[in-house]
Amino acid sequence: RLPRRLFLQGVAAVFMFAFASLYTQIPGLYGPEGILPARKTLRPQGKSRWQQLWETPTLLWEAPRLGLDTAQGLELLSLLGTLLALGALLLSPLRHPVVYLLLWAAYLSACQVGQVFLYFQWDSLLLETGFLAVLVAPLRPASHRKQAPQGGRAGALPHEDLPFWLVRWLLFRLMFASGVVKLTSRCPAWWGLTALTYHYETQCLPTPAAWFAHHLPVWLHKLSVVATFLIEIAVPPLFFAPIRRLRLAAFYSQVLLQVLIIITGNYNFFNLMTLVLTTALLDDQHLAAEPGHGSRKKMATSWPKALLATLSLLLELAVYGLLAYGTVHYFGLEVDWQQCTIHSRTTFTFHQFSQWLKTLTLPTVWLGVASLAWELLSALWRWTQVRGWLRKFSAAVKLSLVSTATVALFLISLVPYSYMEPGTHGRLWTGAHRLFGAVEHLQLANSYGLFRRMTGLGGRPEVVLEGSYDGHHWTEIEFMYKPGNLSRPPPVVVPHQPRLDWQMWFAALGPHTHSPWFTSLVLRLLQGKEPVIRLIQSQVASYPFYKQPPTYVRAQRYKYWFSQPGEQGQWWRRQWVEEFFPPVSLGDPTLETLLRQFGLQDKSPARARSANSTLAQALHWTRTQLSPLEAPALLWGLLVAIGAVRVVQALLAPWSLRSSPLAPASGEKRRPAPHKDSGAASEQATPAPNPCTSSSRTARRKK
């Protein structure tokens, strides 16, 4: 039960960060004067209301009924999502399926109008995880349930573990696919085990720690790549191991990987989301949810149990030995004692790996089927232990519904999971394909594959915007987060995601025509639109053209490298490569042609909404109060507030216990407590009271 509680709290926290981060960027990204106005994405096609909602599932269809435009409706959804997620994080009664369904629907609504700025894998991962939280969340708090018979978990329901198994399956799909695609992409950096010699320098938003990690020895980088393959490909099958120590070892390996990524890179809430998924590998015993479990004396066990424990230990050691042997064999690990290094190389070919993948992908599907079947049988057995025909009937209905939903979601997930191996994808049951096609637009299951190819092998490509009043003297436009100024250290912005800075990183990988939104960005800078300027510099006075928009704007492509350890006051080195975007001004034929080609011209002005409505005024006032804060400061402020509330809750807990019905009245005197040993002896000697009279007798004894 405790891992499920941690999972629900973690999902609420990630939703809170995601909504709050998005809220700070809505005017510049999606407002009427933003880069990609959201109002252009929702065009009524003359269809019925429900058909329109099913094809484009977003609550923003209802924004006009509230007197709001699409961007204002998105602001309202983000604010409500932040507050609702904050409530679910702090208050257990709000960890309810309806609350998580609202959070999922709100974020899905935002993704429908988010366009390229919300097309990230972690947005899809959050939607899939959020929907699983709807099934995992209990309908009633555990404290309101009646006690289970002796030997069972207090208040446990037969169906409770089934949805939580889907979280483990999602974690397996995420990690296994992320490891496999690195090799199926034929990226020379991954195959040569040199990917991390480039990664820290070329990732989107490195942290200061990335500079230090980049300068580690090459042999250690290559060994780290080997460890990455081990953690992402070899370890995930252990998520379903029957031996809990193997599952715990898999848990700590995943946590280690995610923590190292968080230290060296700003990947917003993605790594936090992955850490939340790893709670599915834990149990109450490991989290000390069973008081006194660790202090119990070992009792004599029968020989079958002792034999089983010995066999489990031998199997565990065999698994560790197999992992170690496979790592040494397939990556040619050799210890050089003279230089104190470990040499590594890939000893298998792409053809051999492809054959291995064809052989193994379908068995991993059957591994999931077998694990799910075990969970279903365990749930059925727990149902047989339910007492009373009415409770048994109610438990049967719940178990049937949850089992059907679990199996359906598992079947749906097999389709995107098998994308990495076309042969297995073609052999899947056709019913699974039809089921996935029916709900694909709801993003209930998605394909994953992170860091597929390593970019910037010859230097980190970076786009630098420049503005000018005369076309001869140019001034660089520096962003808050992405690399620009050579002497500025990399920032730490997690869990915030500056989505414009991220897209600037993708834009630098190709020509500007591959990123149509970049032309709209240039237009907004020429027009001097403040919402877009605040995406670049939250303090408008730091923007070089805040008094008057530039007459001309252009963009240059550079290659950046981390500075060497001896260079004082420099974090980066750079070299000019080419012109990325030609110099343009308002009314320039080149600019007008690009805007027309990409459909970015404002053909019709935005509909005027009533700015005098109470809701619109409240949104405007909230924006005015929060706009001076930088987004990372806002999110860190939420973290501090949550910590303060937790401290207050911990301090008030003893007072709430004193005010319980079993506590003595304030005017009554307390008798001295009996000696600990004698009290324990008397409890053991006292027979168990009748359930009907136990509470009253206990109260009288304490009185």
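**Definitions applied to a predicted model**

Q: Pro495 lies in the loop between β4 and α19 (499–507); what makes a segment a helix or a strand here?
A: Helices (H or I, at least four residues) and strands (E, at least two) are DSSP runs, numbered from the N terminus. Residues are numbered from 1 along each chain as its sequence is written, and side-chain values use heavy atoms, with hydrogens and water left out. The model is predicted, so local features need pLDDT of at least 70 and side-chain atom pairs count only at pLDDT 80 or more, whereas totals for chains, interfaces and linings use all residues.

Q: What kind of peptide bond joins Val494 and Pro495?
A: The bond is cis, with omega at about 10°. In general, most peptide bonds are trans.

Q: How do you know that β5 and β6 are paired?
A: Two strands pair if DSSP finds at least two bridges between them. Strand β5 (residues 552–562) is joined to β6 by nine bridges, so the criterion of at least two is met. These two strands run antiparallel, and Gln575 in β6 is the bridge partner of Lys559.

Q: Why are β4 and β6 described as standing at the edges of the sheet?
A: The open sheet has four strands in the order β4-β3-β5-β6, with antiparallel pairing. β4 (475–477) and β6 (572–584) each have a single partner strand, so one side of each is left without a neighbour in the sheet. From one strand to the next, the twist averages 35° (axes are lines fitted to C-alpha atoms, for helices over the stretch in contact, and angles run from 0 to 180 degrees between N-to-C directions).

Q: Which strands does helix α20 touch as it packs on the sheet?
A: Helix α20 (residues 517–527) touches β3 (460–468), β4, β5 and β6, and its direction makes about 80° with that of β6. Contact means heavy atoms within 4.5 Å.

Q: Why is Gln443 called buried?
A: Buried means under 20% relative accessible area, exposed over 50%, and partly exposed in between, with a 1.4 Å probe and protein chains only. The relative accessible area of Gln443 is 19%, so this residue falls under the 20% limit. Gln443 is found in the loop between α18 (430–439) and β3, and has a positive phi of about 55° although it is not a glycine.

Q: Is Ser253 buried or exposed?
A: Ser253, in helix α12 (residues 244–264), has a relative accessible area of 16% and is therefore buried. Leaving aside neighbours within four places in sequence, Ser253 is in contact with Ile231 and Val235.

Q: What makes a set of residues a nonpolar core?
A: The set must consist of buried Ala, Val, Leu, Ile, Met, Phe, Trp, Tyr and Cys residues joined through side-chain atoms within 4.5 Å. The largest such core has 176 residues, and those with the most contacts inside it are Leu465 and Phe518. Helix α7 (residues 161–184) gives the largest share, 14 residues.

Q: Why is this core said to lie between domain 1 and domain 2?
A: Domain 1 (1–141) and domain 2 (460–601) both give residues to the core, so it lies between them. Domain bounds come from an automatic or database domain assignment.

Q: How do the axes of α1 and α5 cross?
A: The axes of helix α1 (residues 2–23) and α5 come within 11 Å and cross at roughly 30°. The crossing is left-handed, a term used if the near helix is turned anticlockwise from the far one by less than a right angle, and right-handed if clockwise.
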